[in-house]
Amino acid sequence: MKKIKLIDFVHARSGDKGDAANVGVIAFTNKGYDLLNKYLTADKVKVFFDGICLGKVERYELPNLNALNFILHNTLGGGGTVSTKLDAQGKTIASAILRMELQVEEEDYKIFTNQDPEQK
Amino acid sequence: MKEKIRIASGQGFWGDLIDAPVNQVMHGQIDYLVMDYLAEVTMSILQKQKNKNPELGYARDIPELMKRILPECKQKGIKIITNGGGVNPVSCAKACYKVAKELGVKGLKIAVVHGDNILDSIDSLLQQGAQLNNMESGEPIAAVKEKLLSANVYFGAFPIVEALRKGADIVITGRTTDTGLTLAPMIYEFGWKESDWNLMAAGTVAGHILECGAQATGGNFLGDWESIENFEDIGFPIAEAFSTGEVVITKHETLGGIVTVETVSEQLLYEIGDPKNYITPDCVADFTSIHLTQAGENRVEISGVKGTPATPFYKVSCSYDDGYSAVGTLTYSWPKALAKAKKADSILRGRLRNLGLQFDEIRTEFVGYNACHGPLVKVDEEALSEIMLRVAVRSHDRNSVERFGRELAPLILTGPPSVTGFAGGRPKASDVVAYWPALIEKSLVKPLVEIIEQV
């Protein structure tokens with residue numbers, strides 16, 4: 001297994017939907033999206049945001065944008081207007097997910113790095 | 001019928017860059033200027049203003065803005081569409097006419113769209129069979145009916161289309177969807193049919209990209225943001241729409257920012273749920289059908305957008321009083337900045353407890369340490385040079401919230417050392433306005449579209 005950091009191959013944007021936050025995770029390349037789609041599961045996101053996301057995590061695929069969209073329920077302390085959080089609207093959840101690392105199979109890692117020499 | 005129009009976004013929320021709409025009008029050719037002023041909380045603020053003064057209740061930035069752009073817009077034939085009419089679009093229209101008169105702008109036609117404000121007709125709507133249960137929790141509206149501050153239906157593009165057909169130069173609406181502001185001129189100019197769901201979806205997707213202003217042109221971009229030039233004069237997005245349903249997102253060349261597949265993709269993913277079902281009053285757009293192509297520098301082409309029929313419901317946004325809150329901060333410096341802030345928090349909480357105050361919530365955050373990313377943060381605490389202690393409280397007892405405000409400053413002389421940053425005075429109790437989203441059958445409410453005559 002090889003370790004890859006999300007910050008090295010994706011960008012993201014987050015916002016609020018009531019007490020839920022949404023975070024869209026976008027791979028810079030098609031190969032990056034293949035990795036995201038294979039390894040970035042709703043369960044992994046739920047575990048990663050333990051203590052922040054208190055509800056379930058939903059996952060949606062947008063292959064046309066090389067993106068996944070996650071809905072993190074019960075995350076914003078009651079929602080935009082009621083929440084006492086500094087980040088009441090979940091604006092910084094997008095940068096938080098960049099801290100994630102994924103363990104990927106050697107084969108996938110090779111495809112990701114070799115066939116994509118431009119990848120940073 | 002035109003084959004192409006240019007629709008410019010001038011405002012992403014009430015409080016956005018004041019000069020943005022002026023720049024959109026002055027820095028190049030556009031046909032429409034669309035401005036979103038309404039967030040969920042805005043309607044309750046506007047309703048409170050109207051309760052105090054029946055002439056208010058709209059975004060007062062609008063008449064101010066008209067002073068700067070009206071002659072140019074009238075001369076060039078640029079039409080203006082905004083939902084900044086809030087809970088009083090008629091007074092907003094009158095204020096704009098007053099500006100026109102002062103400037104000597106003649107022959108102006110302003111239309112308003114209202115009928116969205118159902119605060120005074122909730123009971124009769126319930127009698128007619130409306131449910132208005134909370135969309136998220138399912139709770140019946142009876143729980144909050146007596147505490148309601150505002151209740152507004154989200155209308156879509158078609159009332160605006162009607163206003164344009166009546167010859168309006170300016171359309172001022174109450175609660176209209178952000179996407180409807182952009183879709184409406186496409187329907188009007190291209191003669192699109194209401195049932196052509198793919199076209200409705202194409203215009204809706206363009207509206208979603210425009211609705212947050214510069215968030216589509218490099219603002220808040222988490223990709224390579226450091227490479228973006230001229231943030232000072234950032235250009236807001238422009239949708240170059242074609243009658244076939246293709247749209248190119250661009251910006252004025254002379255302004256800053258960037259328009260790339262990446263910046264547009266980030267905005268497409270902003271605040272969405274199930275991407276296959278992006279629901280508006282006008283259609284259900286499928287965001288997984290959107291095809292983006294970099295068609296040149298600062299030009300992103302959108303094609304292939306698919307849509308399905310609109311639902312029989314409008315969304316309703318209600319707000320109600322839900323107690324009080326206050327936020328206070330103090331800053332502690334090295335050494336042991338975090339330990340000092342933590343100790344101060346524990347002293348504060350002890351004092352609040354000893355006073356027997358009632359709180360629904362006391363939240364402590366350490367700004368500069370983990371306020372944004374919470375338990376994900378792993379840093380050497382000793383290396384932290386300074387920490388802002390931020391404590392926020394919420395309660396239905398106003399006295400408790402006010403007393404909290406008086407307990408913060410004493411920590412400076414009665415707690416841990418190296419503390420500063422209390423120049424702002426005591427934290428004040430402010431009203432907590434909670435939000436109640438619901439649905440209502442379209443047949444139960446009717447948008448009203450009228451031309452306001454200049455007096």
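These exercises work through a predicted model of two protein chains, A and B.

## Exercise 1. Chain folds

Task: Describe the secondary structure of chain A and of chain B.

Solution:
- Start with chain A. Four helices and six strands make up its secondary structure.
- Put these in sequence order. Chain A reads β-β-β-α-α-β-β-α-β-α.
- Turn to chain B. The count there is 12 helices and 19 strands.

## Exercise 2. Compactness

Task: Compare the radius of gyration of chain B with the value from the globule rule, then treat chain A in the same way.

Solution:
- Chain B has 455 residues, for which the globule rule gives 23 Å. Its radius of gyration is 24 Å, so chain B is as compact as a globular protein of that length.
- The C-alpha trace of chain B spans about 75 × 55 × 50 Å along its principal axes.
- Chain A has 120 residues, and a compact globule would then have a radius of gyration near 14 Å. The value for chain A is 15 Å, which agrees.
- Along its principal axes, the C-alpha trace of chain A spans about 50 × 25 × 20 Å.

## Exercise 3. Burial, contacts and charge

Task: For each chain, find the buried share, the share of long-separation contacts and the offset between the charge centres.

Solution:
- Burial: 56% of the 455 residues of chain B count as buried. For the 120 residues of chain A, the share is 56%.
- Contacts: take those with a separation of 6 or more. In chain B, residues 24 or more positions apart account for 77% of them. In chain A, the figure is 62%.
- Surface: chain B exposes about 19,200 Å², with 50% supplied by carbon and sulfur atoms. Chain A has an accessible surface of about 5,200 Å², and 48% belongs to carbon and sulfur atoms.
- Charge: chain B carries 46 positive and 57 negative side chains, with centres 6 Å apart. Chain A has 16 positive and 16 negative charges, and their mean positions are 3 Å apart.

## Exercise 4. The A–B interface

Task: State how many residues meet across the interface, how much area is buried and which residues of chain A lose the most.

Solution:
- Count the partners. Contacts link 38 residues of chain A with 43 residues of chain B.
- Take the area. The two chains bury about 3,500 Å² between them, and 60% of that is on carbon and sulfur atoms.
- Look at the chain A side. Arg13(A), Thr84(A) and Leu86(A) lose the most area to chain B. Together they supply 23% of what that side buries.

## Exercise 5. Helix H7 of chain B

Task: Decide whether helix H7 of chain B is enclosed or open, and say what follows it.

Solution:
- H7(B) covers residues 178–190.
- Of its 13 residues, 12 are buried, so the helix is largely enclosed by the rest of the structure.
- The buried set includes Asp178(B), Leu181(B), Met186(B), Glu189(B) and Phe190(B).
- Gly191(B) follows the helix, with a positive phi near 65°.

## Exercise 6. Backbone exceptions

Task: Locate two asparagines with positive phi and one cis peptide bond.

Solution:
- Recall the background. Most residues other than glycine have a negative phi, and most peptide bonds are trans.
- Asn66(A) has phi near 55°. Its loop runs between strands S4 (57–62) and S5 (67–72) of chain A. Asn66(A) is buried, at 14% relative accessible area.
- Asn220(B) also has phi near 55°. Its loop lies between helix H8 (197–210) and strand S7 (238–242) of chain B. Asn220(B) is partly exposed, at 47% relative accessible area.
- The cis bond joins Trp334(B) and Pro335(B), with omega about 0°. Pro335(B) sits in the loop between strand S14 (313–333) and helix H10 (337–354) of chain B.

## Exercise 7. Two buried loop residues

Task: Are Thr217(B) and Gly235(B) buried or exposed, and what do they touch?

Solution:
- Place them. Thr217(B) is in the loop between H8 and S7 of chain B. Gly235(B) is found in the loop between H8 and S7 of chain B too.
- Apply the cut-off: buried means under 20% relative accessible area. Thr217(B) is at 0%, and counts as buried. Gly235(B), at 0%, is buried.
- List contacts, leaving out residues up to four places away in sequence. Thr217(B) touches Gly235(B), Pro237(B) and Ile258(B), among others. Gly235(B) touches Thr217(B), Lys251(B), Leu255(B) and Gly256(B).
- Check a distant pair. Thr217(B) and Asn298(B) are 81 residues apart in sequence, yet their C-alpha atoms are 8.6 Å apart.

Methods:
Residues are numbered from 1 along each chain as its sequence is written. Chains are lettered from A and ligands numbered from 1 in the order in which they are written. This is a predicted model: local features need pLDDT of at least 70, side-chain atom pairs count only at pLDDT 80 or more; totals for chains, interfaces and linings use all residues. Side-chain values use heavy atoms; hydrogens and water are left out. Helices (H or I, at least four residues) and strands (E, at least two) are DSSP runs, numbered from the N terminus. The radius of gyration is taken over C-alpha atoms; the globule rule is 2.2 Å times the number of residues to the power 0.38. Buried means under 20% relative accessible area, exposed over 50%, partly exposed in between (1.4 Å probe, protein chains only). Contact means heavy atoms within 4.5 Å. Accessible areas come from the Shrake-Rupley method with a 1.4 Å probe; for residues, only the protein chains shown count as cover. Lys and Arg count as positive and Asp and Glu as negative; His and the chain ends are not counted. The place of a charge is taken as NZ of Lys, CZ of Arg, CG of Asp or CD of Glu. Buried area is the accessible area (1.4 Å probe) that two parts lose on being put together, summed over both.
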